[in-house]
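Work through the exercises below with the sequence and coordinates open. Each task is followed by a stepwise solution.

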Amino acid sequence: MQRFQNLDIDGDDISDLVRKSCPGSNEPGDPCMLTIKLSAAGEELHFEAWGFRLFRYSGRFYIAANADSTRKQTNIFKITKSGIGLICEKL
């Protein structure tokens, strides 16, 4: 399990708990999971994909995720305090 530090998704100036976990092998099986616990409301956001990376651009948080288990295309998702939404599909 990987934990990320100093990420304030909900904008309340308190770091939110962000965890990523992936299966132990590269063989197709279970997808990777992302769990974000927001400090302001205590709500949890959940995301799963066949591999992904978090990144920050212009102060906002995004996920670049494999579109499917073939890992040949990428989807981009935006993370906000109200949820995780697809913004660009099958790059």
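The model is predicted.

**Exercise 1. Locate Ser 58 and classify its exposure and its phi.**

Step 1. Ser 58 sits in the loop between strand S5 (52–57) and S6.

Step 2. Its relative accessible area is 64%. The cut-off for exposed is over 50%, so Ser 58 is exposed.

Step 3. Phi of Ser 58 is near 50°, a positive value in a residue other than glycine. Most residues other than glycine have a negative phi.

**Exercise 2. Do likewise for Asn 6.**

Step 1. The loop between strand S1 (2–4) and S2 holds Asn 6.

Step 2. With 61% relative accessibility, Asn 6 counts as exposed.

Step 3. Asn 6 is not a glycine, yet its phi is positive, near 55°.

**Exercise 3. Find how many disulfides there are, and give the handedness and setting of what is found.**

Step 1. Apply the distance rule: a pair of cysteine sulfur atoms within 2.5 Å counts as a disulfide. The count comes to one disulfide.

Step 2. The partners are Cys 22 and Cys 32, with an S to S distance of 2.0 Å.

Step 3. Place the two ends. Cys 22 is in the loop between strand S2 (17–21) and strand S3 (32–37), while Cys 32 is in strand S3. They are 10 residues apart, and the pair links distant parts of the chain.

Step 4. The torsion about the S-S bond of Cys 22 and Cys 32 is about 120°, so the disulfide is right-handed.

Step 5. Compare the accessibility of the ends. Cys 32 has 8% relative accessibility and counts as buried, because the limit for buried is under 20%. Cys 22, at 41%, counts as partly exposed.

Step 6. Another cysteine to classify is Cys 88, whose relative accessible area of 29% makes it partly exposed.

**Exercise 4. Describe the largest pocket: its volume, its lining and the strands that supply the lining.**

Step 1. The space in the largest pocket is about 200 Å³.

Step 2. The lining of this pocket consists of 14 residues. Nearest the pocket centre lie Asp 8, Ile 9, Gly 59, Arg 60 and Phe 61.

Step 3. Sort the lining of the largest pocket by class: six residues are charged, four are polar and four are nonpolar.

Step 4. Assign the lining to strands. Strand S6 (60–66) and strand S7 (74–80) each supply at least two residues. S7 gives the largest share, three residues.

How values were computed. Residues numbered from 1 in each chain as written. Predicted model: local features only at pLDDT ≥ 70, side-chain atom pairs only at ≥ 80, totals over all residues. Heavy atoms only, no water. 1 Å grid on protein atoms, 1.4 Å probe; cavity = no way out; pocket = protein on both sides within 12 Å on 5 of 7 lines; lining within 4 Å. Points joined across faces, edges and corners; volume = space filled by probe spheres on them. Helix = DSSP H or I, 4+ residues; strand = E, 2+ residues; numbered from the N terminus. Nonpolar A, V, L, I, M, F, W, Y, C, P; charged D, E, K, R; others polar. Buried < 20%, exposed > 50% of the residue type's maximum accessible area, 1.4 Å probe, protein only.
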